[in-house]
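Biologist: Let's go through the ligand site. I want the reasoning behind each label.

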Amino acid sequence: MTITRSVPLPQGLLHIGGKLLPAADGRTAPILDPATGVELTQVAVAGPEDVDRAVGAAREAFDNGPWSRMTPRERGRVLWRVADLLRARATEFARLESLDVGKPLMFTTTVDIPTVIDTFEYYAGLVAGLEGATRATAAPSFAYTRREPIGVVAAITPFNFPAILSATKLAPALAAGNTVVHKPAPETPLSALLFAELLAEAGVPEGGYNLITGDGPTGAALVAHPGVDKIAFTGSSAVGAQVAAQASASLKQVTVELGGKGANIIFADADLGAAIETAVGAFVFNTGQFCMSGSRVLVERPVYQAVVDALGGAATHVPVGDPFSEGVVVGPMAGPNHLAKVVSYLDQAASSDAQLVGGQRPDGPGFFIGPAVLSHVAQDSPLIQEEVFGPVVTVQPFDTEDEAIRMANGTRYGLSAGLQTKDVTRAHRVAGALNAGIVWVNGWALLDPAMPFGGVGASGYGRENGPEGLDGYLRTKSVVINLA
Ligand code: NAD
């Protein structure tokens with residue numbers, strides 16, 4: 001059964017200082033439906049003049065507006081209202097996200113939008129308890145710390161989880177009292193346009209949240225703007241490195257949440273049925289366009305062939321198709337360039353010793369590719385070392401725990417990792433040894449707004465979610481009153 005694709009599209013305009021505006025030079029860009037390739041709408045492309053206006057509005061709102069001076073609890077109440085409004089319009093949000101990104105509606109309904117709501121509620125609650133500390137000093141004094149917002153935050157988000165990653169930045173940044181200029185990805189800006197409406201309706205004052213849709217140069221102009229105090233970037237390691245370098249040169253605070261190449265280690269003592277189910281979900285979820293994808297499966301030799309066979313079987317049976325059709329697990333890639341990148345990796349595999357199962361391209365329109373399983377791939381192959389960012393998994397055997405850890409840690413990335421085992425002692429030992437910001441045992445993608453994630457190495461630095469996520473948008477001021 002196909003559920004209606006019809007959902008009202010938000011106006012493709014910039015939200016600056018409480019006003020809806022076209023780009024100063026009138027530029028727009030098309031937004032495509034990834035399932036059909038058909039243009040859905042046109043959205044404004046902000047240029048340097050628009051960036052300047054948006055940062056100016058955020059600066060004004062931070063320096064003079066009410067948001068940064070409200071008490072944390074008052075801001076928390078606004079965020080609760082955001083969550084309530086989101087809940088009331090959850091169906092619309094889920095459909096819009098599925099239409100824009102090609103995510104199966106089953107997931108936007110049960111994962112993406114509920115996570116967005118949960119994130120706003122989590123930070124609405126957390127910020128109510130925001131507190132500094134009193135400290136004992138050597139000289140007589142009354143000494144305490146204050147937790148203050150940083151100022152104007154530039155939030156730059158990628159195409160693959162537009163709503164969730166917007167919430168992951170906006171909720172803590174706003175809770176802390178900052179004002180925000182947000183630039184979503186050029187391919188998938190629609191949920192951010194709806195967010196802008198909701199945040200205003202919930203009571204975020206004019207200039208508190210500004211949305212500039214646009215492309216790479218829009219993001220670069222935002223990063224370079226002297227009125228920005230903190231950059232919160234999520235995207236590829238290549239762009240993240242440029243952003244971090246530029247931010248450092250102007251001494252702006254920066255966090256960069258970047259790519260990943262997650263290793264999922266299956267030990268022979270694991271519950272094999274559950275481990276295989278986990279491994280399949282870990283690489284097909286979000287059509288593999290997941291920074292934390294379990295894109296490398298490492299299997300202890302006695303169960304290696306059983307896992308290769310089971311993953312290969314799943315690759316050809318997981319339902320691929322229209323994200324609005326019931327039961328579909330894998331939708332299209334978000335755009336033609338993303339599809340071309342995945343196809344180029346599979347072509348590379350075909351001309352190597354790798355054995356490939358799946359990776360079929362269905363006839364018809366849209367940017368579809370079926371799940372693909374690759375075995376007999378060398379550790380130094382680009383298929384192991386680089387982020388493919390599609391529904392593609394490699395499977396490698398190992399003989400010892402040390403070898404598994406070495407292979408898991410043997411890329412430049414370090415975002416997520418996991419292990420499947422019944423041995424509790426081993427679980428803790430291996431979790432400690434893995435180079436990753438988050439490790440899951442007997443599962444994958446066990447994410448929660450309360451649990452921080454972030455990278456090591458080429459996966460970036462900074463942590464999002466949890467109290468650490470709020471800390472990233474606060475600075476500490478010490479006040480010392482002389483009592484001598
Ligand atoms: P991308 O790096 O191409 O773009 C990310 C954002 O940066 C977009 O909004 C883009 O327009 C903007 N941008 C591009 N050039 C810029 C520049 N020079 N200066 C400032 N901004 C610029 O990434 P993408 O293709 O949208 O997203 C996929 C990547 O994001 C993958 O590598 C994935 O692993 C990563 N990702 C990481 C996380 C995480 O939490 N670590 C989460 C999701 C996605």
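Modeller: Start with the secondary structure. This is a predicted model. Helix H7 (216-224), strand S10 (230-234) and helix H8 (237-249) each give at least two residues to the shell around the ligand. H7 supplies the largest share, four residues.

Biologist: What makes Ser236 a polar contact of the ligand?

Modeller: The cut-off is 3.5 Å between N or O atoms. A ligand oxygen is 2.6 Å from an N or O atom in the Ser236 side chain. That is within the limit, so the pair counts.

Biologist: Which part of Leu258 meets the ligand, and which part of Glu387?

Modeller: For Leu258, a polar backbone atom lies 2.7 Å from a ligand nitrogen. For Glu387, an N or O atom of the side chain lies 2.5 Å from a ligand oxygen. Overall, the protein covers 89% of the 850 Å² of accessible area that the ligand has on its own.

Biologist: Why do you say that the ligand lies between domain 1 and domain 2?

Modeller: Because domain 1 (14-258 + 459-479) and domain 2 (263-448) both give residues to its shell.

Biologist: How many residues of each class are in the shell around the ligand?

Modeller: There are 17 nonpolar, nine polar and four charged residues.

Biologist: Which pocket does the ligand take up?

Modeller: The largest pocket is the space taken by the ligand.

Methods. Residues numbered from 1 in each chain as written. Predicted model: local features only at pLDDT ≥ 70, side-chain atom pairs only at ≥ 80, totals over all residues. Heavy atoms only, no water. Polar contact = N/O pair within 3.5 Å; in protein donor to acceptor, adjacent residues only side chain to side chain. Areas by Shrake-Rupley, 256 points an atom, 1.4 Å probe, with all protein chains shown as cover. 1 Å grid on protein atoms, 1.4 Å probe; cavity = no way out; pocket = protein on both sides within 12 Å on 5 of 7 lines; lining within 4 Å. Sits in = over half its atoms within 2 Å of the grid points. Nonpolar A, V, L, I, M, F, W, Y, C, P; charged D, E, K, R; others polar. Domains from an automatic or database assignment.
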